[in-house]
Protein chains: 2
Amino acid sequence: MSTSERLVVNGRAYSMPSASTIVVCVDGCEQEYINQAILAGRAPFLASLSDADLGTVLTGDCVVPSFTNPNNLSIVTGAPPSVHGICGNFFYDEASGAEVLMNDPKYLRAPTILAEMARAGRRVAVVTAKDKLRALLGYGMRGICFSAEKADEVRRDTHGVEQIAERVGMPVPPVYSAQLSEFVFAAGLELLRHERPDLMYLSTTDYVQHKHAPGTPEANDFYAMMDGYFAKYHEAGAILAITADHGMNAKTDAIGRPRVVYLQDRLDEKFGAERTRVLLPITDPYVVHHGALGSYATIYLRDAARANEVSTFIASLDGVEAVLDKQAASKRFELPTDRIGDLVVIGERLTALGSAADKHDLSGLTVPLRSHGGIAEQKVPLILNRRLRDLDANRRLRNFDAFDLALNHAV
Amino acid sequence: MSTSERLVVNGRAYSMPSASTIVVCVDGCEQEYINQAILAGRAPFLASLSDADLGTVLTGDCVVPSFTNPNNLSIVTGAPPSVHGICGNFFYDEASGAEVLMNDPKYLRAPTILAEMARAGRRVAVVTAKDKLRALLGYGMRGICFSAEKADEVRRDTHGVEQIAERVGMPVPPVYSAQLSEFVFAAGLELLRHERPDLMYLSTTDYVQHKHAPGTPEANDFYAMMDGYFAKYHEAGAILAITADHGMNAKTDAIGRPRVVYLQDRLDEKFGAERTRVLLPITDPYVVHHGALGSYATIYLRDAARANEVSTFIASLDGVEAVLDKQAASKRFELPTDRIGDLVVIGERLTALGSAADKHDLSGLTVPLRSHGGIAEQKVPLILNRRLRDLDANRRLRNFDAFDLALNHAV
């Protein structure tokens with residue numbers, strides 16, 4: 001296949017990479033992080049891309065729920081969750097009566113651009129921060145695919161590369177650290193220089209953004225680190241597209257205490273126990289160190305005929321931005337109807353949604369809660385180190401257009 | 001009148017002040033400013049109020065449009081704009097065909113709590129940063145009322161006090177400065193110590209918040225300054241209620257460029273010239289140094305029968321959060337129907353609304369645009385240095401409950 005040929009994945013056509021092409025998903029990259037790092041003089045390379053001759057800076061919408069897995073999968077499939085099926089970490093399987101973890105690739109309903117490019121003979125590489133995303137992102141893909149978290153377990157037969165930790169020259173970082181993301185970028189640079197992948201996807205973790213607001217010293221340090229790597233990728237001749245899985249907002253009052261609507265408590269009080277089931281697809285509710293608090297919840301009703309009544313009640317609660325029934329949510333947010341419950345609830349910008357208060361252990365929140373999941377975290381950057389051609393000015397840009405912009409529109 | 005008597009203003013009853021009572025309106029106080037100043041260790045007094053024995057930290061909703069004048073008037077009348085009439089700086093008078101400035105007290109339709117307390121024999125003082133608010137806030141009020149901006153023009157017969165600049169010991173600051181607000185607090189302390197007002201209202205300017213994000217050094221310096229004065233008011237025995245006229249958000253992309261929907265241009269293109277009139281009540285459109293860009297616009301239609309058509313078009317524009325017709329806007333935001341045009345448009349959190357691009361001079365924007373006006377800037381702090389009693393937990397709190405909380409609920 002020559003570079004003039006096009007590859008169709010999930011109904012969209014992609015040109016073959018004309019140079020090493022890197023798509024970066026900066027987890028939790030509220031745009032203000034970049035803005036403030038530039039103002040502080042810590043991101044000179046990103047600042048340089050505002051020159052229309054050198055680069056392109058756009059804003060796009062991520063997928064709601066503005067969570068990590070649905071958005072990473074949307075970016076690598078170029079499609080919304082209604083196509084790829086991953087709309088959170090969990091859904092409730094009514095047949096088995098169990099909460100089902102969607103980290104398993106068997107829940108993925110669409111091929112990735114990465115796997116199809118590899119199938120078409122292109123060299124493809126994926127580096128993620130946490131290992132839990134690796135299996136989904138690398139599904140069906142021949143090439144290099146590993147996580148920073150388990151970089152010391154990388155083997156050629158299973159990960160497409162070996163001795164990467166030694167080659168990168170950084171110790172494998174703790175899973176909750178800024179260094180975990182730095183390792184992703186350092187490994188990406190090592191691969192770019194030596195393996196020269198045609199297409200590479202790098203995905204970080206939002207450890208820093210959950211803890212530190214835009215413009216604070218820790219956030220600026222993190223963005224300065226990234227800026228340095230982006231400059232190196234650029235100098236190495238790569239086409240670079242930077243986007244995010246979701247934004248990030250404080251979910252607190254003025255004094256840093258979390259603002260939470262505990263939906264299960266409110267619903268039990270109003271409608272009785274076990275009439276409704278609140279499921280928070282942000283995370284496993286039994287892993288409590290981060291509070292499992294985001295601004296998106298799904299609700300399963302024992303009696304579907306009461307949907308209107310429950311919906312009206314939830315919409316009346318302070319801190320709730322919107323309540324949509326399954327059909328409306330599926331249409332507006334392009335979600336698979338079989339995995340979102342009967343109702344979808346969105347929290348306001350400064351409010352998180354919980355299930356029952358006693359299921360959330362907030363003792364691990366050592367700094368004021370910052371989180372995501374709602375519409376308030378939908379705006380994300382779309383930044384390229386190239387000018388773009390033939391882009392419809394009226395098109396609604398999505399983070400899952402990143403491969404399209406890099407492969408089809410970058411000059 | 002004894003302290004057990006109650007004063008009714010605009011249908012709400014207020015107890016007489018039991019101690020010197022100070023309500024502070026911190027202009028543009030997005031809650032995150034306080035949160036970040038506390039995290040940086042720069043606001044120890046405000047941090048101490050999270051102890052339920054010492055103080056109360058709540059979140060309330062300001063008035064939309066989240067602008068300075070409507071909210072200051074709501075706070076001092078204890079009522080929404082549908083009662084007091086001030087819903088922006090401007091409205092369009094169809095009879096005269098002119099844009100009418102609402103800074104004149106003749107547009108005020110309700111008495112203030114301040115004026116009524118003075119009438120009931122209490123000592124009342126008002127200090128504002130900018131002089132333009134002074135006439136509205138002090139309307140019909142016997143007592144002390146002056147601005148930091150014109151502190152050197154203060155006379156006993158017109159302002160209720162004299163030689164205040166000399167007494168404060170600070171030079172009168174430039175109108176665009178952080179010091180203008182500091183002067184308000186310093187003057188408030190001087191009055192508290194010597195005039196001992198029963199009731200005092202202090203209102204700052206959002207010069208700092210328009211320029212600097214929460215947690216940045218300049219913002220933290222400003223909040224540290226305020227924290228010091230709040231501590232002094234507390235030590236002097238005052239009951240202190242702190243709120244804001246509105247929040248503040250970046251209105252930019254990741255690289256700091258303003259995101260603006262120029263409504264007049266879009267409407268002229270779609271419906272023809274002079275079919276619609278976009279009015280931005282944030283400010284005088286001919287004063288261009290701040291760009292006149294906020295997230296709220298009113299639209300006057302030549303042909304009111306086309307309201308639905310125009311509304312649908314505007315709602316389809318990227319960056320628009322909501323479009324309401326006059327009746328819906330008046331109901332939802334409690335606005336006077338005769339001063340809001342035919343349609344009210346709300347911009348999204350990261351988007352400002354403009355009229356025609358050539359009417360906005362953005363050359364004065366020396367730092368990335370931060371502004372307000374929309375629903376995204378509605379959450380504001382309500383902080384008291386007292387516990388509260390008899391407060392209904394289900395009540396929707398407003399910034400214009402500040403006097404009610406301080407006079408009727410503080411313990």
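Which residues is Gly319(B) in contact with, leaving aside its neighbours within four places in sequence? The tour of this predicted model begins with that residue and returns to it at the second stop.

**First stop: the two chains**

Display chains A and B together. Chain A can be laid on chain B with an RMSD of 0.0 Å, by a turn of 180° and a shift of 0.0 Å along the axis. The two copies are thus related as by a two-fold rotation axis. Next, select the interface residues. Of those in chain A, 100% are also interface residues in chain B, so the copies meet through the same surface.

**Second stop: Gly319(B) and its surroundings**

Select Gly319(B), which lies in the loop between α13 (307–315) and β15 of chain B. Its contacts, beyond the neighbours within four places in sequence, are Val261(B), Gly347(B), Glu348(B) and Thr351(B). Glu348(B) is 29 residues away from Gly319(B) in sequence, yet the two C-alpha atoms are 5.3 Å apart in space. With a relative accessible area of 2%, Gly319(B) is buried.

**Third stop: strand β16 of chain B**

From Gly319(B), move to strand β16 (residues 343–347) of chain B. Here 5 of the 5 residues are buried, so the strand is largely enclosed by the rest of the structure. Both faces are covered: Leu343(B), Val345(B) and Gly347(B) are buried on one side, and Val344(B) and Ile346(B) on the other. In a regular strand the side chains alternate between the two faces of the sheet.

Now add the two strands that pair with β16(B). Strand β14 (residues 296–301) of chain B runs antiparallel to β16(B) and is joined to it by 4 bridges; Tyr296(B) stands opposite Ile346(B). Strand β15 (residues 320–325) of chain B is also antiparallel to β16(B), with 5 bridges between them. Look there for Val320(B), whose bridge partner in β16(B) is Gly347(B).

**Fourth stop: the seven-stranded sheet of chain B**

Remain in chain B and colour the strands β4-β19-β10-β3-β9-β7-β8, given here in their order across an open sheet of 7 strands with mixed pairing. The edge strands are β4 (56–61) and β8 (144–147) of chain B, each of which pairs on one side only. On average, neighbouring strands of this sheet are turned by 15° against each other, direction ignored.

At the β8 edge, select strand β7 (residues 124–128) of chain B, which pairs with β8(B) in the parallel sense over 4 bridges. Within this pair, Val127(B) has Phe146(B) as its bridge partner. Towards the other edge, helix α1 (residues 31–39) of chain B packs on the sheet, touching β4 and β19 (379–384) of chain B, and its direction makes about 55° with that of β19(B). A further helix to display is α9 (residues 179–194) of chain B, which lies across β3 (21–25), β7, β8 and β9 (199–203) of chain B and runs at about 170° to β9(B).

**Fifth stop: strand β3 of chain A**

Switch to chain A and select strand β3 (residues 21–25). All of this strand is buried, 5 of the 5 residues, so it is largely enclosed by the rest of the structure. Thr21(A), Val23(A) and Cys25(A) are buried on one side, while Ile22(A) and Val24(A) are buried on the other.

Which strands should be added beside β3(A)? One is strand β9 (residues 199–203) of chain A, which runs parallel to β3(A) and is joined to it by 5 bridges; Thr21(A) stands opposite Leu199(A). Another is strand β10 (residues 239–243) of chain A, paired with β3(A) in the parallel sense over 5 bridges, where Val23(A) stands opposite Ala241(A).

**Sixth stop: the cysteines**

How many disulfides does a search of the whole structure find? The number is 0 over all chains. Cys25(A) is in no disulfide, and the nearest cysteine sulfur, that of Cys29(A), is 9.1 Å away. Cys25(A) is buried, at a relative accessible area of 0%. In chain B, select Cys62(B): this residue is in no disulfide either, with the nearest cysteine sulfur, that of Cys25(B), 9.5 Å away. Cys62(B) also counts as buried, at 0% relative accessibility.

**Last stop: Ser15(A)**

Finish at Ser15(A), in strand β2 (residues 12–15) of chain A. Ser15(A) is buried, with a relative accessible area of 15%. A polar contact of 3.1 Å joins its side chain to that of Arg6(A). Not counting residues up to four places away in sequence, Ser15(A) touches Glu5(A), Arg6(A), Met117(A), Leu407(A) and Asn408(A).

Technical notes: Residues are numbered from 1 along each chain as its sequence is written. Chains are lettered from A and ligands numbered from 1 in the order in which they are written. This is a predicted model: local features need pLDDT of at least 70, side-chain atom pairs count only at pLDDT 80 or more; totals for chains, interfaces and linings use all residues. Side-chain values use heavy atoms; hydrogens and water are left out. Two strands pair if DSSP finds at least two bridges between them. Axes are lines fitted to C-alpha atoms, for helices over the stretch in contact, and angles run from 0 to 180 degrees between N-to-C directions. Contact means heavy atoms within 4.5 Å. Copies are superposed by least squares on the C-alpha atoms of residues with pLDDT of at least 70 in both. A disulfide is a pair of cysteine sulfur atoms within 2.5 Å. Buried means under 20% relative accessible area, exposed over 50%, partly exposed in between (1.4 Å probe, protein chains only). A polar contact is a pair of N or O atoms within 3.5 Å; within protein, one must be able to donate a hydrogen and the other to accept it, and residues adjacent in sequence count only if both atoms are side-chain atoms.
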